[in-house]
Amino acid sequence: MKKILITGALGQIGSELTMNMRKIYGNDNVIASSRRRQENEVVESGPFEIVDVTNPQHLVDAVKKHKPDTIINLAAILSANGENNPSAAWNINMNGLYNILEVARENQCAVCTPSSIAVFGPSTPKDNTPQDTLMRPTTMYGVTKVAGELLCDYYFKKFNVDTRGVRFPGLISNVALPGGGTTDYAVHIYYEALKNKKYTCFLQKGTYMDMMYMPDALDAIINLMEADPTKLVHRNAFNVTAMSFDPEGIAAEIKKHIPEFTIDYNVNQDIQNIADSWPNSLDDSEAREQWGWNPKYDLTAMTKDMLDTLSKKLNI
Ligand code: AKB
């Protein structure tokens, strides 16, 4: 049975991944950790530690105490927040990852660190972006994610640390809200559609980006960490995607359920510039071939599930 330490466990991915992994591996075998404590089901249903990834001693203490064989590093500053505070993005995304890789090297832990479509930049081919291609990102978040991929590959080659990762697109969930990303509109739009029947989008129409529903994102991490290592040609990190749409596309899908719904636009040029530097759609065939990546939700299935689940949660 695996024993897993999750950093950033109270964030958008961590809130759901922790609960999901506890169901699979047992509550006591999944240790949640975060910089701050917050009373919720993640903290209450199993072990929890205060871990600030920028503090190496916090990581050493948690690893010595719980002896995990795997660390899932979800502590990160996302793209839009990273542009507002580049030094925090560097510190948490890079120094935090370095501290995790060091403790993993010393204690023979596998490491999963999600990467992002932000590793790509304006010079990357925009459509069906290949697994191996030009990566010259223009955001601090993207810079830390490319450097993080290289560092993880280095630790695998040099020290045999079992590092693996995926390049996540925008993630859409009905549990925890995302914090300060470029793709966040695709979550907010569902809440606003249910509450106010209208949404003002901070990106302009025609802005295509890859997206994924959270259940598929959780499967991606779990299946990649369970994959046969001899089949992995790549490691850090795999292109994965489930759908690509622009604001008009998601609005049209919502309209099928809420006919009065309307979208209008008030573009935030700083965030638009980030979105414009990212691909329209990824080629994820290497992930499909090497470890069986196969997402279940497209835009239609996700929209139905999001609206059903959120309307119950919000009592609308
Ligand atoms: C962001 O928008 O910053 C993230 C991402 C694509 O990595 N959702």
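This is a short walk through the domains, the ligand shell, three helix pairs and two backbone details of the structure above.

Right, let's start. One caution before anything else: this is a predicted model.

Domains first. The protein is split in two, and both parts are discontinuous in sequence numbering: domain 1 is 4–169 + 213–239, and domain 2 is 170–211 + 242–281 + 297–314. Their C-alpha centres sit 24 Å apart. The contact between them uses 29 residues of domain 1 and 26 residues of domain 2. Which elements of domain 1 give two or more residues to the side that touches domain 2? They are helix H1 (12–25), helix H4 (79–84) and helix H8 (214–226). On that side of domain 1, the residues split into 13 nonpolar, 11 polar and 5 charged.

Now the ligand. There are 14 residues around the ligand. The closest are Leu78, Ser79, Ser116, Gly181 and Thr182. How many of the shell residues are nonpolar, polar or charged? The count is 8 nonpolar, 6 polar and no charged. If you are setting up the ligand environment, note that both domains take part. Domain 1 and domain 2 each supply at least three residues of the shell.

Next, helix packing. Two packed helices are described by the angle between their axes and the distance between the axes. I have three pairs.

Pair one is H1 with H8. Both helices also appear on the side of domain 1 that touches domain 2. Their axes come within 10 Å and cross at roughly 60°. So H1 is oblique to H8. The crossing is right-handed. From H1, the contact takes Ile13, Glu16, Leu17, Asn20 and Ile24. From H8, it takes Met214, Ala217, Leu218, Ile221 and Ile222. By class, that contact has 8 nonpolar, 1 polar and 1 charged residues.

Pair two is helix H9, residues 247–255, with helix H12, residues 299–314. Here the axes come within 10 Å, and the crossing angle is roughly 55°. That again makes the pair oblique, H9 to H12. H9 passes H12 in a right-handed crossing too. On the H9 side we have Gly249, Ile250, Glu253 and Ile254. They meet Leu299, Thr300 and Thr303 in H12. The class split for this contact is 3 nonpolar, 3 polar and 1 charged.

Pair three is helix H3, residues 56–66, with helix H5, residues 86–107. They pack at an angle of about 35°, and the axes are 9 Å apart. What is the hand of the H3 and H5 crossing? Right-handed. Pro56, Leu59, Val60 and Val63 come from H3. Asn99, Ile100, Glu102, Val103 and Asn107 come from H5. Their contact divides into 6 nonpolar, 2 polar and 1 charged.

Last, the backbone. Most residues other than glycine have a negative phi, and most peptide bonds are trans. Two spots here deserve a look.

The first is a cis bond. The peptide bond from Asn236 to Ala237 is cis, with omega near 5°. Where is Ala237? In the loop between H8 and strand E12 (238–239).

The second is Asn160. Its phi is positive, about 60°, although Asn160 is not a glycine. Asn160 lies in the loop between helix H6 (140–159) and strand E7 (163–164).

To recap the ligand: a shell of 14 residues, none of them charged, with both domains contributing. That's it from me.

How values were computed: Residues numbered from 1 in each chain as written. Predicted model: local features only at pLDDT ≥ 70, side-chain atom pairs only at ≥ 80, totals over all residues. Near = placed C-beta within 6 Å. Nonpolar A, V, L, I, M, F, W, Y, C, P; charged D, E, K, R; others polar. Domains from an automatic or database assignment. Contact = placed C-beta atoms within 7 Å. Helix = DSSP H or I, 4+ residues; strand = E, 2+ residues; numbered from the N terminus. Axes fitted to C-alpha atoms, helices over the stretch in contact; angles between N-to-C directions. Parallel < 35°, antiparallel > 145°, perpendicular 65-115°, else oblique. Left-handed = near helix turned anticlockwise from the far one by under 90°.
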